[in-house]
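This report describes the internal spaces, selected helices and selected loop residues of one protein model. The sequence and the structure are shown first.

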Amino acid sequence: MLSNLDFVRQSLELHLFFARIMKEHSFFLEVGFTPKDASFTQRADEFRREFDKLLAEVVSLSNGVVGTGVLQSGEVVTQYTLNAERASSYFTGVQIPTEITLAETRLMGGGMVAVTPMLVQRVAMINQKAIFLISGLIQFKATILSNVLSCRMFTVNYPLLMDHIMREARLYLRTVQRLQNRENVIIEKEALEQEAFWNRIMAEHSKFIRGLLDPTENELINTADNFGKEFDQLTAEAIAAMDNTASFEKVTADSLKATAEIRDFKAQGTQGLLNCKIKSIIIPLLGDHTLREANHYLRLLKIFER
(Lines give C-alpha, C1' and ligand atoms only; values in the text may rest on other atoms or scores of the structure.)
Protein backbone atom coordinates (compact mmCIF):
# COMPACT_ATOMS: atom_id res chain seq x y z
CA MET A 1 0.00 0.00 0.00
CA LEU A 2 1.45 3.35 -1.10
CA SER A 3 1.97 6.07 1.50
CA ASN A 4 0.35 9.46 0.85
CA LEU A 5 3.75 10.94 0.01
CA ASP A 6 4.61 8.22 -2.52
CA PHE A 7 1.10 8.35 -4.01
CA VAL A 8 1.32 12.11 -4.58
CA ARG A 9 4.93 12.13 -5.78
CA GLN A 10 4.66 9.14 -8.13
CA SER A 11 1.35 10.38 -9.58
CA LEU A 12 2.67 13.87 -10.29
CA GLU A 13 5.93 12.53 -11.76
CA LEU A 14 3.99 10.21 -14.05
CA HIS A 15 1.74 13.02 -15.31
CA LEU A 16 4.63 15.45 -15.80
CA PHE A 17 6.07 13.01 -18.32
CA PHE A 18 3.02 11.33 -19.85
CA ALA A 19 0.44 14.16 -19.93
CA ARG A 20 2.87 16.12 -22.11
CA ILE A 21 3.38 13.04 -24.31
CA MET A 22 -0.42 12.69 -24.71
CA LYS A 23 -0.95 16.36 -25.54
CA GLU A 24 1.73 16.06 -28.20
CA HIS A 25 0.21 12.86 -29.60
CA SER A 26 -3.03 14.84 -29.93
CA PHE A 27 -1.12 17.64 -31.69
CA PHE A 28 0.57 15.23 -34.14
CA LEU A 29 -2.82 13.70 -34.94
CA GLU A 30 -4.43 17.14 -35.26
CA VAL A 31 -1.99 18.40 -37.89
CA GLY A 32 -2.02 15.11 -39.84
CA PHE A 33 -5.61 15.00 -41.15
CA THR A 34 -6.86 16.26 -44.53
CA PRO A 35 -9.53 19.02 -44.81
CA LYS A 36 -12.18 16.33 -45.39
CA ASP A 37 -11.73 15.08 -41.82
CA ALA A 38 -12.13 18.46 -40.12
CA SER A 39 -14.25 16.87 -37.37
CA PHE A 40 -11.28 14.63 -36.44
CA THR A 41 -8.97 17.65 -36.47
CA GLN A 42 -11.34 19.39 -34.06
CA ARG A 43 -11.59 16.33 -31.78
CA ALA A 44 -7.79 15.99 -31.66
CA ASP A 45 -7.56 19.68 -30.80
CA GLU A 46 -10.04 19.17 -27.94
CA PHE A 47 -7.92 16.33 -26.54
CA ARG A 48 -4.79 18.48 -26.86
CA ARG A 49 -6.43 21.31 -24.92
CA GLU A 50 -7.71 18.96 -22.21
CA PHE A 51 -4.23 17.49 -21.70
CA ASP A 52 -2.85 21.05 -21.62
CA LYS A 53 -5.22 21.79 -18.73
CA LEU A 54 -4.30 18.55 -16.98
CA LEU A 55 -0.57 19.21 -17.33
CA ALA A 56 -0.94 22.82 -16.14
CA GLU A 57 -2.73 21.61 -13.01
CA VAL A 58 -0.05 18.98 -12.38
CA VAL A 59 2.72 21.57 -12.76
CA SER A 60 0.94 23.88 -10.29
CA LEU A 61 1.11 21.13 -7.63
CA SER A 62 4.55 19.68 -8.40
CA ASN A 63 6.96 22.29 -7.07
CA GLY A 64 8.85 20.97 -4.07
CA VAL A 65 7.08 17.60 -4.29
CA VAL A 66 8.42 15.64 -7.27
CA GLY A 67 11.86 14.07 -7.29
CA THR A 68 14.91 16.07 -8.35
CA GLY A 69 16.07 13.09 -10.44
CA VAL A 70 12.94 13.27 -12.60
CA LEU A 71 13.27 17.03 -13.11
CA GLN A 72 16.94 16.69 -14.06
CA SER A 73 16.48 13.68 -16.36
CA GLY A 74 15.29 15.65 -19.39
CA GLU A 75 12.02 13.71 -19.57
CA VAL A 76 9.86 16.63 -18.39
CA VAL A 77 11.40 19.27 -20.68
CA THR A 78 14.71 19.57 -22.55
CA GLN A 79 16.72 22.60 -23.59
CA TYR A 80 14.96 22.32 -26.97
CA THR A 81 11.31 21.97 -25.87
CA LEU A 82 10.39 25.66 -25.80
CA ASN A 83 11.91 26.42 -29.22
CA ALA A 84 10.46 23.21 -30.67
CA GLU A 85 7.00 24.29 -29.48
CA ARG A 86 7.44 27.79 -30.91
CA ALA A 87 8.65 26.47 -34.28
CA SER A 88 5.89 23.84 -34.48
CA SER A 89 3.27 26.44 -33.57
CA TYR A 90 4.66 28.73 -36.29
CA PHE A 91 4.55 25.97 -38.92
CA THR A 92 1.01 24.78 -38.09
CA GLY A 93 -0.83 27.80 -36.70
CA VAL A 94 -1.79 25.73 -33.65
CA GLN A 95 -1.36 27.80 -30.49
CA ILE A 96 0.76 25.74 -28.08
CA PRO A 97 0.73 27.17 -24.51
CA THR A 98 4.47 27.65 -23.94
CA GLU A 99 3.80 29.11 -20.48
CA ILE A 100 3.37 25.52 -19.22
CA THR A 101 6.89 24.69 -20.46
CA LEU A 102 8.31 27.82 -18.85
CA ALA A 103 6.62 26.90 -15.55
CA GLU A 104 8.15 23.40 -15.76
CA THR A 105 11.66 24.83 -16.15
CA ARG A 106 11.18 26.60 -12.79
CA LEU A 107 10.14 23.49 -10.83
CA MET A 108 12.24 22.56 -7.81
CA GLY A 109 12.83 19.06 -6.42
CA GLY A 110 11.07 17.36 -3.50
CA GLY A 111 11.25 17.64 0.26
CA MET A 112 10.07 21.25 0.40
CA VAL A 113 6.30 20.84 0.60
CA ALA A 114 4.21 18.95 3.17
CA VAL A 115 1.76 16.43 1.72
CA THR A 116 -1.60 17.51 3.16
CA PRO A 117 -4.94 15.63 2.94
CA MET A 118 -6.10 18.35 0.53
CA LEU A 119 -3.11 17.71 -1.78
CA VAL A 120 -3.78 13.96 -1.68
CA GLN A 121 -7.40 14.61 -2.65
CA ARG A 122 -6.45 16.94 -5.50
CA VAL A 123 -3.98 14.40 -6.89
CA ALA A 124 -6.62 11.64 -6.68
CA MET A 125 -8.98 13.90 -8.67
CA ILE A 126 -6.26 14.55 -11.27
CA ASN A 127 -5.70 10.80 -11.58
CA GLN A 128 -9.42 10.24 -12.12
CA LYS A 129 -9.53 12.97 -14.74
CA ALA A 130 -6.48 11.46 -16.45
CA ILE A 131 -8.06 7.99 -16.52
CA PHE A 132 -11.13 9.44 -18.26
CA LEU A 133 -9.07 11.47 -20.76
CA ILE A 134 -6.57 8.71 -21.62
CA SER A 135 -9.37 6.18 -22.14
CA GLY A 136 -11.07 8.56 -24.58
CA LEU A 137 -7.84 9.25 -26.43
CA ILE A 138 -7.09 5.52 -26.78
CA GLN A 139 -10.52 5.01 -28.33
CA PHE A 140 -9.99 7.99 -30.66
CA LYS A 141 -6.61 6.60 -31.79
CA ALA A 142 -8.15 3.16 -32.35
CA THR A 143 -10.90 4.69 -34.53
CA ILE A 144 -8.34 6.56 -36.64
CA LEU A 145 -6.20 3.43 -37.08
CA SER A 146 -9.26 1.38 -38.09
CA ASN A 147 -10.30 4.06 -40.61
CA VAL A 148 -6.80 4.24 -42.10
CA LEU A 149 -6.41 0.45 -42.38
CA SER A 150 -9.79 0.12 -44.10
CA CYS A 151 -9.00 3.02 -46.50
CA ARG A 152 -11.77 5.24 -45.15
CA MET A 153 -9.29 7.93 -44.13
CA PHE A 154 -5.93 9.35 -45.17
CA THR A 155 -3.53 10.90 -42.67
CA VAL A 156 0.16 11.79 -42.92
CA ASN A 157 0.82 9.66 -39.81
CA TYR A 158 1.98 6.08 -40.32
CA PRO A 159 -0.40 3.28 -39.22
CA LEU A 160 2.49 1.99 -37.07
CA LEU A 161 2.66 5.40 -35.38
CA MET A 162 -1.05 5.06 -34.44
CA ASP A 163 -0.38 1.66 -32.91
CA HIS A 164 2.78 2.99 -31.25
CA ILE A 165 1.01 5.94 -29.56
CA MET A 166 -1.86 3.66 -28.46
CA ARG A 167 0.60 1.38 -26.66
CA GLU A 168 2.10 4.37 -24.86
CA ALA A 169 -1.35 5.58 -23.83
CA ARG A 170 -2.28 2.12 -22.52
CA LEU A 171 0.90 2.00 -20.41
CA TYR A 172 0.03 5.44 -19.00
CA LEU A 173 -3.54 4.36 -18.26
CA ARG A 174 -2.49 1.13 -16.52
CA THR A 175 0.04 2.98 -14.38
CA VAL A 176 -2.44 5.69 -13.31
CA GLN A 177 -5.03 3.05 -12.44
CA ARG A 178 -2.50 1.18 -10.31
CA LEU A 179 -1.47 4.35 -8.50
CA GLN A 180 -5.10 5.27 -7.95
CA ASN A 181 -5.61 1.83 -6.36
CA ARG A 182 -2.57 2.58 -4.15
CA GLU A 183 -0.64 -0.37 -5.58
CA ASN A 184 3.03 -0.26 -4.73
CA VAL A 185 4.55 -0.33 -8.20
CA ILE A 186 8.09 -1.67 -7.78
CA ILE A 187 9.68 -0.75 -11.09
CA GLU A 188 12.69 -3.03 -10.60
CA LYS A 189 10.45 -6.13 -10.50
CA GLU A 190 8.95 -5.17 -13.84
CA ALA A 191 12.26 -4.15 -15.37
CA LEU A 192 12.28 -6.66 -18.22
CA GLU A 193 8.70 -5.84 -19.22
CA GLN A 194 9.65 -2.16 -19.27
CA GLU A 195 12.81 -2.90 -21.26
CA ALA A 196 10.89 -4.94 -23.86
CA PHE A 197 8.32 -2.12 -24.10
CA TRP A 198 10.75 0.79 -24.38
CA ASN A 199 13.28 -1.01 -26.61
CA ARG A 200 10.43 -1.56 -29.07
CA ILE A 201 9.48 2.12 -28.78
CA MET A 202 13.09 3.16 -29.47
CA ALA A 203 13.23 0.81 -32.49
CA GLU A 204 10.04 2.35 -33.89
CA HIS A 205 11.29 5.90 -33.30
CA SER A 206 14.34 5.00 -35.39
CA LYS A 207 12.12 3.69 -38.18
CA PHE A 208 9.86 6.76 -38.11
CA ILE A 209 12.90 9.04 -38.27
CA ARG A 210 14.33 6.99 -41.15
CA GLY A 211 11.03 7.27 -43.06
CA LEU A 212 10.53 11.01 -42.46
CA LEU A 213 14.02 12.13 -43.50
CA ASP A 214 14.52 13.50 -47.00
CA PRO A 215 15.81 10.73 -49.33
CA THR A 216 19.04 12.72 -49.78
CA GLU A 217 19.95 12.50 -46.07
CA ASN A 218 21.80 9.22 -46.62
CA GLU A 219 24.04 9.31 -43.54
CA LEU A 220 21.20 10.06 -41.13
CA ILE A 221 18.98 7.45 -42.81
CA ASN A 222 21.68 4.80 -42.37
CA THR A 223 22.23 5.76 -38.71
CA ALA A 224 18.49 5.62 -37.99
CA ASP A 225 18.24 2.27 -39.81
CA ASN A 226 21.07 0.81 -37.72
CA PHE A 227 19.41 1.99 -34.50
CA GLY A 228 16.17 0.35 -35.63
CA LYS A 229 17.92 -2.99 -36.11
CA GLU A 230 19.83 -2.69 -32.83
CA PHE A 231 16.70 -1.98 -30.79
CA ASP A 232 14.77 -4.76 -32.54
CA GLN A 233 17.52 -7.10 -31.33
CA LEU A 234 17.42 -5.62 -27.80
CA THR A 235 13.63 -6.05 -27.70
CA ALA A 236 14.05 -9.72 -28.59
CA GLU A 237 16.75 -10.11 -25.92
CA ALA A 238 14.57 -8.51 -23.23
CA ILE A 239 11.75 -10.92 -24.12
CA ALA A 240 14.21 -13.83 -24.01
CA ALA A 241 15.44 -12.68 -20.58
CA MET A 242 11.85 -12.90 -19.30
CA ASP A 243 12.03 -16.61 -20.09
CA ASN A 244 15.47 -16.83 -18.46
CA THR A 245 17.10 -17.61 -21.82
CA ALA A 246 19.16 -14.39 -21.74
CA SER A 247 20.98 -12.47 -19.02
CA PHE A 248 19.02 -9.66 -17.38
CA GLU A 249 22.21 -7.78 -16.49
CA LYS A 250 23.53 -7.97 -20.07
CA VAL A 251 20.23 -6.84 -21.62
CA THR A 252 20.06 -3.89 -19.22
CA ALA A 253 23.69 -2.89 -19.84
CA ASP A 254 23.29 -3.18 -23.63
CA SER A 255 19.99 -1.26 -23.55
CA LEU A 256 21.55 1.48 -21.44
CA LYS A 257 24.46 1.92 -23.88
CA ALA A 258 22.20 1.92 -26.95
CA THR A 259 19.66 4.31 -25.37
CA ALA A 260 22.41 6.79 -24.43
CA GLU A 261 23.59 6.68 -28.05
CA ILE A 262 20.12 7.16 -29.56
CA ARG A 263 19.47 9.94 -27.03
CA ASP A 264 22.51 11.78 -28.41
CA PHE A 265 21.36 11.13 -31.98
CA LYS A 266 17.88 12.51 -31.21
CA ALA A 267 19.35 15.56 -29.43
CA GLN A 268 21.58 16.34 -32.44
CA GLY A 269 18.62 15.74 -34.76
CA THR A 270 16.31 18.05 -32.80
CA GLN A 271 18.96 20.76 -32.84
CA GLY A 272 19.46 20.20 -36.58
CA LEU A 273 15.73 20.55 -37.22
CA LEU A 274 15.52 23.76 -35.18
CA ASN A 275 18.56 25.20 -37.00
CA CYS A 276 17.10 24.19 -40.40
CA LYS A 277 20.14 21.98 -41.08
CA ILE A 278 18.26 18.73 -41.77
CA LYS A 279 16.02 18.09 -44.78
CA SER A 280 12.96 16.16 -43.64
CA ILE A 281 9.21 16.20 -43.03
CA ILE A 282 9.78 15.95 -39.26
CA ILE A 283 8.08 18.68 -37.26
CA PRO A 284 10.54 19.94 -34.58
CA LEU A 285 8.29 18.99 -31.66
CA LEU A 286 8.39 15.36 -32.79
CA GLY A 287 12.19 15.40 -32.48
CA ASP A 288 12.00 16.78 -28.94
CA HIS A 289 9.16 14.37 -28.08
CA THR A 290 11.25 11.31 -28.98
CA LEU A 291 14.25 12.79 -27.13
CA ARG A 292 12.21 13.10 -23.91
CA GLU A 293 11.08 9.48 -24.22
CA ALA A 294 14.71 8.37 -24.55
CA ASN A 295 15.58 10.44 -21.45
CA HIS A 296 12.70 8.83 -19.53
CA TYR A 297 13.85 5.34 -20.54
CA LEU A 298 17.47 6.17 -19.59
CA ARG A 299 16.35 7.15 -16.09
CA LEU A 300 14.48 3.84 -15.74
CA LEU A 301 17.46 1.84 -17.00
CA LYS A 302 19.75 3.48 -14.45
CA ILE A 303 17.30 2.37 -11.72
CA PHE A 304 17.26 -1.21 -13.12
CA GLU A 305 21.05 -1.31 -13.24
CA ARG A 306 21.47 -0.72 -9.50
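What span should the 22 residues of helix 7 have at 1.5 Å a residue, and how far apart are its end C-alpha atoms? The expected span is 32 Å and the end C-alpha atoms lie 32 Å apart, so the two values agree. The expected span is defined as 1.5 Å times one less than the number of residues in the helix. Helices are DSSP runs (H or I, at least four residues), numbered from the N terminus.

The model is predicted: local features need pLDDT of at least 70 and side-chain atom pairs count only at pLDDT 80 or more, whereas totals for chains, interfaces and linings use all residues. Residues are numbered from 1 along each chain as its sequence is written, and side-chain values use heavy atoms, with hydrogens and water left out.

**Helices**

The table sets out the span of three helices.

| Helix | Residues | Expected span | End C-alpha distance |
|---|---|---|---|
| Helix 7 | 22 residues | 32 Å | 32 Å |
| Helix 9 | 25 residues | 36 Å | 37 Å |
| Helix 11 | 22 residues | 32 Å | 32 Å |

In helix 11, 19 of the 22 residues are buried, so this helix is largely enclosed by the rest of the structure. Buried means under 20% relative accessible area, exposed means over 50%, and partly exposed lies in between (1.4 Å probe, protein chains only). The buried residues of helix 9 (residues 218–242) include I221, A224, D225, F227 and G228. Also among them are the charged residues D225 and E237. The buried residues of helix 9 pack against helix 8 and helix 10 (248–274); contact means heavy atoms within 4.5 Å.

**Backbone and loops**

Positive phi values occur after two of these helices. R182 follows helix 7 and has a positive phi near 60°, and N244, just after helix 9, takes a positive phi of about 60°.

Two cysteines in loops also have positive phi. C151 lies in the loop between helix 6 (117–149) and helix 7, and its phi is near 60°, a positive value in a residue other than glycine. At 72% relative accessibility, C151 counts as exposed. C276 lies in the loop between helix 10 and helix 11; it has a positive phi of about 60° although it is not a glycine. With a relative accessible area of 70%, C276 is exposed. The structure holds zero disulfides, a disulfide being a pair of cysteine sulfur atoms within 2.5 Å.

G67 is found in the loop between helix 2 and helix 3 (68–72). Its relative accessible area is 19%, so G67 counts as buried. Leaving aside residues up to four places away in sequence, G67 touches R9, E13, G109 and G110. G67 and G110 are 43 residues apart in sequence, yet their C-alpha atoms are 5.1 Å apart in space.

**Cavities and a pocket**

Rolling a probe the size of a water molecule over the atoms shows where empty space is left. On a 1 Å grid over the protein atoms alone, a cavity is a set of points where a 1.4 Å probe fits but cannot get out; a pocket is an open set with protein on both sides within 12 Å along at least five of seven lines, and lining residues have an atom within 4 Å of a point. Grid points are joined across faces, edges and corners, and a volume is the space filled by probe spheres set on the points.

How many cavities of 30 Å³ or more does a search of the whole structure find? The search finds two. The largest cavity holds about 90 Å³ of space. It is lined by 13 residues, of which L161, H205, F208, L286 and T290 are the closest to its centre. Helix 1 (4–30), helix 7 (159–180), helix 8 (191–212) and helix 11 (284–305) each give two or more residues to this lining. The lining of the largest cavity comprises six nonpolar, five polar and two charged residues. In this classification, Ala, Val, Leu, Ile, Met, Phe, Trp, Tyr, Cys and Pro are nonpolar, Asp, Glu, Lys and Arg are charged, and the others, Gly among them, are polar.

The second largest cavity holds about 40 Å³ and is lined by K23, E24, F27, R48, D52, I96, P97 and L285. Helix 1 gives the most to this lining, with three residues, while helix 1 and helix 2 (38–62) each supply at least two. Four of the lining residues are nonpolar, none is polar and four are charged.

The second largest pocket contains about 250 Å³ of space. Residues lining this pocket include F28, V31, N157, L161, F208 and L286. By class, the pocket lining has 10 nonpolar residues, one polar residue and no charged residues.
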